[in-house]
Amino acid sequence: KTQAATIDLLYKMFVEQSLLEIEEGRLGEKYPEFKRLLKEFRDGTLLFELTEQKVWNKALEDTVGLREFYNGHKDNYKWKERVDAAVVTIQDPSTAKKIAKMMKKMKSDFKTLEATFNKNGAEKVLTVKEGKYESGQNEIVDSVPQKVGLSDPINNQDGSLTYVKINKILPPMNKELK
């Protein structure tokens, strides 16, 4: 009996598997939307593979061609006038004057302020964002006079204060290849 039951079970599994394979083969006939979707998926995958092989991989490998192209078109890749600035937001207004006094003396590397005031993983007293900003890249930097020096404090809705320290005004210049 055990052998007959096993054979019967294997036969049922075979029939079920065969029926599933037949149905899978007829999905496109029974469901035209599925056939269209499958074709679209296959075409998209082929297009992706082709684009990756013929465009992206070649561009990654062609550093000489990229450099030649850049050298021939440098004037198309320019920075507008920018400012080298630090945006410092101070959570506790009582320490703002002390921090502002320190900022006036500093030329750069305002991240040291964070290390000094944000100790031991406690609540952040201040946050610093340094960078080079074109007009339109940072609302806060755009809101202060575009001159070298420390801005007046900006009162934020959450009660914090923000200062902008402009270190340099950078003239328009070509972007580097990198």
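This report covers the nonpolar cores, a buried serine, the salt bridges and a surface patch of a predicted model.

Residues are numbered from 1 along each chain as its sequence is written, and side-chain values use heavy atoms, with hydrogens and water left out. Because the model is predicted, local features need pLDDT of at least 70 and side-chain atom pairs count only at pLDDT 80 or more, while totals for chains, interfaces and linings use all residues.

**Cores**

The largest nonpolar core (buried Ala, Val, Leu, Ile, Met, Phe, Trp, Tyr and Cys residues joined through side-chain atoms within 4.5 Å) has 15 residues. Buried means under 20% relative accessible area, exposed over 50%, and partly exposed in between, with a 1.4 Å probe and protein chains only. Ile90, Ile99, Met103, Phe110, Leu113 and Leu126 have the most contacts inside this core. Two or more residues each come from strand S2 (82–90), helix H4 (96–105), helix H5 (111–117), strand S3 (126–134) and strand S6 (161–170); H4 gives the largest share, 4 residues. Helices (H or I, at least four residues) and strands (E, at least two) are DSSP runs, numbered from the N terminus. Leaving out residues up to four places away in sequence, Leu113 touches Ile99, Met102, Met103, Met106 and Leu126, where contact means heavy atoms within 4.5 Å. Another core, of 8 residues, lies apart from it and includes Val83, Val87, Val141 and Ile166.

**Ser160**

Ser160 lies in the loop between strand S5 (154–155) and S6, and counts as buried because its relative accessibility is 2%. Its side chain makes polar contacts (N or O atoms within 3.5 Å, one able to donate a hydrogen and the other to accept it; residues adjacent in sequence count only if both atoms are side-chain atoms) with the side chains of Asn156 at 2.9 Å and Asp158 at 2.6 Å.

**Salt bridges**

The whole structure holds 7 salt bridges, each a side-chain nitrogen of Lys or Arg within 4 Å of a carboxyl oxygen of Asp or Glu. Three of them are tabulated.

| Pair | N to O distance |
|---|---|
| Lys12 and Asp8 | 3.8 Å |
| Glu23 and Lys30 | 3.1 Å |
| Lys39 and Asp43 | 2.9 Å |

Lys12 and Asp8 are 4 residues apart in helix H1, about one turn of the helix. Lys12 is exposed at 52% relative accessibility, whereas Asp8 is partly exposed at 39%. Lys39 and Asp43 are likewise 4 residues apart, in helix H2 (residues 32–61). Shared partners join the salt bridges of Glu23, Arg26 and Lys30 into one network.

**Surface patch**

Leu9, in helix H1 (residues 2–30), forms a nonpolar surface patch with Leu10 and Met13, together about 320 Å² of accessible area. Patch residues have over 30% relative accessible area and no salt bridge; like charges are joined within 9 Å and nonpolar side chains (Val, Leu, Ile, Met, Phe, Trp, Tyr) within 5 Å.

How values were computed. Accessible areas come from the Shrake-Rupley method with a 1.4 Å probe; for residues, only the protein chains shown count as cover.
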